[in-house]
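Open the model in your viewer and keep the sequence panel visible. The stops below are meant to be selected one after another.

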Amino acid sequence: MENLELNEILRLRREKLADLQADGNDPFRHISFDVDTHSVNILNDFEAFEGKVVRIAGRMMSRRNMGKAAFCDLQDGQGRVQIYIKGELVGEASFAEFDKKWDIGDIFGVVGEVFKTQKGEISVRATEITLLSKSLQVLPEKYHGLQNVDLRYRQRYVDLIVNPQVKDAFLKRSAIIKGIRSFLDSRDFLEVETPLLHQIAGGASARPFITHHNDMDIDMYLRIALELPLKKLVVGGFERVYEIGRCFRNEGVSIKHNPEFTMLELYQAYTDYHGMMELTETLLRKLAVDVTGSAIVNYQGIQIDFGKPFEKITMVEAVKKYAGVDFDTIEDLEGAREQAKAHGIEYKPVHKKGDILNLFFEEKVEEHLVSPTFIIDHPIEISYLCKAHPDKPDYAQRFELFIAAREIANAYSELNDPIDQRRRFEVQELLRDAGDDEAAQIDEDFIAALEVGLPPTGGLGIGICRLVMLLTDSASIRDVLFFPAMKPLQ
């Protein structure tokens, strides 16, 4: 549509609004309309509704005028139904207003009788119509919808109106979160809330967003993880806690990353990362079946079978399998650097042997992990909140779950030794001093909590957005966020 034509249409819509208001029919004066059913109910249970008078409201998506009568499609929150409007039924004045001053996109209410047309289409024969809100913008035409991907994300409200299939991912997102809550509640976990504003950015390795508290005159951080406050609650005697909440990381935007995202974190006393593996596998298998109807999920052209036992492999074994490098035979840092150079792995001077192992994993292994796979026993250097493996002190009791070549979950046997935890924080501080702005700061209050005593605890984090992507066959994280981060147009 040319700009001149569009501007003329927008001008005419405002003129129609002004005429309505001048006639005392301002659509914005209405504060309510009693709705007693929705389109999907009428369409799915026609026999129960046939001949009955209903009250329904929604947005006009199309119209077909036929002199003194018209058909239009009303779209409500659950679907669409056809409305038949005739002057002698709704009143000639009301029909004239509909005919001359209503537009596609307007929101209106209908009182009418459910029937079938001669062509067999379920419809509502209106006896009363009320304009509830005037649309001053033009919706994309129905045959092509809103196809510009960037505009779809910026104007999600339009995307949801003209691309009904988009709603499905968000309905499933809600079902996934409800399913998680139901599953954890059944295992006696307590849902809690912890602060979004922290004085120290802790619980993960990530660059935080910084804000300022005016009254206390201190800088504060938007949380990058939920971990540390939740573990304090375990110290306080809550043996099973979880939170589903927003986290914020000042990082790049990609199909897998958004600066704000939703995390599930849970902590269970008297278990370890093996207990977290059982919980994770059971939870995801149940969600797959409940949300998609099958344990076999199709994602971007591949089949993922949640019904089979998840594979389990150490990070060292995975790097040996896919990169051909056996870190068990590498004796020191120099040997790890030599292997990195030989395989084109870039590392920093501050990186230790375990860091380089992780770099090998990220660059050579992740892309191969399509079926659900637990990567266990990570290097201790990259796991500063995690217990060391009793038989392999250079490795941590930790796993990450990979599905479709993406990390979905991360879990630890939580470090509960306050002396060791302080030592690990001090190493992180040295990394910060060396220029690593994702390294952690020493959290004295958390160490104090550990000194009171944290029981043996298993902890788990699951990225809700990535899980929703997986179970809705969505290629980008932006497809499962109502309002993803976008650069300004100007």
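The tour of this predicted model goes from a barrel to a helix and then to a pocket.

**Stop 1: the barrel.** Select strands E1 to E5. These 5 strands close into a barrel, and going round it the order is E1-E2-E3-E5-E4, with mixed pairing. On average, neighbouring strands of the sheet are turned by 55° against each other, ignoring direction.

Now narrow the selection to E3, residues 79–86, and E5, residues 122–133; the two run parallel and are joined by 3 bridges. To find one of these, pick Gln82, whose bridge partner in E5 is Ser123. As a reminder, strands in a sheet pair through backbone hydrogen bonds, in either a parallel or an antiparallel way.

Add helix H5, residues 92–101, which packs on the sheet and touches E1 (53–66), E2 (69–76), E3 and E5. The direction of H5 makes about 55° with that of E1.

**Stop 2: helix H16.** Select residues 464–471. Is this helix mostly covered or mostly open? H16 is mostly covered, with 8 of its 8 residues buried. Among them are Arg466, Cys465 and Met469, along with Leu470 and Leu471. Step past the end of H16 to Asp473, which has a positive phi, near 55°.

**Stop 3: the second largest pocket.** Its volume is about 380 Å³. Which of the 13 lining residues are closest to its centre? Select Gln137, Val138, Leu139, Gln155 and Val158. Then show helix H7, residues 156–162, which supplies the largest share of the lining, 3 residues. Coloured by type, the lining of this pocket divides into 9 nonpolar, 3 polar and 1 charged residues.

Technical notes. Residues numbered from 1 in each chain as written. Predicted model: local features only at pLDDT ≥ 70, side-chain atom pairs only at ≥ 80, totals over all residues. Heavy atoms only, no water. Pairing = 2+ DSSP bridges. Helix = DSSP H or I, 4+ residues; strand = E, 2+ residues; numbered from the N terminus. Axes fitted to C-alpha atoms, helices over the stretch in contact; angles between N-to-C directions. Contact = heavy atoms within 4.5 Å. Buried < 20%, exposed > 50% of the residue type's maximum accessible area, 1.4 Å probe, protein only. 1 Å grid on protein atoms, 1.4 Å probe; cavity = no way out; pocket = protein on both sides within 12 Å on 5 of 7 lines; lining within 4 Å. Points joined across faces, edges and corners; volume = space filled by probe spheres on them. Nonpolar A, V, L, I, M, F, W, Y, C, P; charged D, E, K, R; others polar.
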